[in-house]
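Student: I should like to go through this structure with you. Could we begin with the terms and then turn to the details?

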Amino acid sequence: MSLQQDLENRSGNQCELCTSTSNLSVYEVKPKLTGGGGVDGSLLACETCVTQIENPEEVDANHWRCLNDAMWSEHRAVKVVAWRMLSRLRKEGWPQDLLDMMYLEDDDLRFAKESGDHLEESEKIIHRDANGAILQAGDSVVLIKDLKVKGSSMVAKQGTAVRRISLDHENAKYIEGKVGPTQIVIITDYVKKMADKE
């Protein structure tokens, strides 16, 4: 069975956020590295919900009153997106009340916070590569110099691609990614963002 069919069966063929039955598609919760992708990291969502998730300036707060029900979903992806949208809208008042009632397991909460939606604009840490390009969780980067990996004899060579990075939310200079089988912390001054087609 396809991912779409699995999600249609799980949701009863309706948006798992607002219960709309029109213009439904698979929405993969980003970043895939820390939990997105597959049935567990995806949900069935209508075009209205997806557009507002991806375009914060188009958010209609009243549309998201549907999260009063969706936040109790047993499915990780639905809970994470509900938490992110409530966090983004918390200044409206009622979303903060729902957030106060909501409970997420530690892993799910960590995953939910990857988007930074819970932070004020002034608190958000911006990660930039050596050329000043903004890095986001899930991006791929290339090392621009040889890097000795602390605590091991390994040297990560210049030109090595590090795919699907995650961001350190406390330090704008640190990202994490896998070089071979090893998960390492990399300083952003030593990487260049790869174009999507690379």
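Tutor: Two strands are said to pair if DSSP finds at least two bridges between them. Helices (H or I, at least four residues) and strands (E, at least two) are DSSP runs, numbered from the N terminus. This is a predicted model, in which local features need pLDDT of at least 70 and side-chain atom pairs count only at pLDDT 80 or more, while totals for chains, interfaces and linings use all residues. Residues are numbered from 1 along each chain as its sequence is written, and side-chain values use heavy atoms, with hydrogens and water left out.

Student: Which residue in strand 10 is the bridge partner of Ser 166?

Tutor: The partner of Ser 166 is Glu 176. Strand 9 and strand 10 (residues 174-179) run antiparallel and are joined by 2 bridges.

Student: In what order do the strands of that open sheet come?

Tutor: The order is 9-10-11, with antiparallel pairing throughout its 3 strands. Strand 9 (166-167) and strand 11 are at the edges with a single partner strand each, so one side of each has no neighbour in the sheet.

Student: Val 185 is in strand 11. Is Val 185 buried or exposed?

Tutor: Val 185 is exposed, at a relative accessible area of 52%. For this term, buried means under 20% relative accessible area, exposed over 50%, and partly exposed in between (1.4 Å probe, protein chains only). Strand 11, which holds Val 185, covers residues 182-187.

Student: Which residues form a nonpolar patch with Val 185?

Tutor: Tyr 174 and Ile 187 join Val 185 in a nonpolar surface patch, with about 250 Å² of accessible area together. Patches are made of residues with over 30% relative accessible area and no salt bridge; like charges are joined within 9 Å, and nonpolar side chains (Val, Leu, Ile, Met, Phe, Trp, Tyr) within 5 Å. Accessible areas come from the Shrake-Rupley method with a 1.4 Å probe, and for residues only the protein chains shown count as cover.

Student: What is the strand order in the open sheet that contains strand 5?

Tutor: That open sheet has 3 strands in the order 8-5-12, paired antiparallel. Strand 8 and strand 12 (191-193) form its edges, each with a single partner strand, so one side of each lacks a neighbour in the sheet. Strand 5 is joined to strand 12 by 3 bridges, and Val 141 has Lys 193 as its bridge partner in strand 12.

Student: A change of topic, then. How many disulfides are there?

Tutor: The count is 0 disulfides, where a disulfide is a pair of cysteine sulfur atoms within 2.5 Å. The sulfur of Cys 18 has its closest cysteine sulfur in Cys 46, 3.6 Å away, which is too far for a bond.

Student: Are those two cysteines buried or exposed?

Tutor: Cys 18 counts as buried at 16% relative accessibility, and Cys 46 is buried with a relative accessible area of 3%.

Student: What surrounds Cys 46 in strand 2?

Tutor: Ser 42, Leu 44 and Cys 46 lie on one side of strand 2, with Leu 43 and Ala 45 on the other, and all are buried. Since 5 of the 5 residues of strand 2 (residues 42-46) are buried, the strand is largely enclosed by the rest of the structure. Strand 1 (residues 24-28) runs antiparallel to strand 2, joined to it by 5 bridges, and Leu 24 stands opposite Cys 46.

Student: How many salt bridges does a search of the whole structure find?

Tutor: The search finds 7 salt bridges. A salt bridge is a side-chain nitrogen of Lys or Arg within 4 Å of a carboxyl oxygen of Asp or Glu. One of them joins Arg 76 and Asp 108 at 2.6 Å, N to O. Arg 76 lies in helix 4 and Asp 108 in helix 6 (residues 106-113), so the pair ties together parts that are 32 residues apart in sequence. Both Arg 76 and Asp 108 are buried.

Student: And how many residues of helix 4 are buried?

Tutor: Helix 4 is mostly covered, with 13 of its 14 residues buried.

Student: Which residue meets Glu 16 in a salt bridge?

Tutor: Arg 10 does, at 3.0 Å from N to O. Glu 16 is buried at 12% relative accessible area, whereas Arg 10 is partly exposed at 23%.
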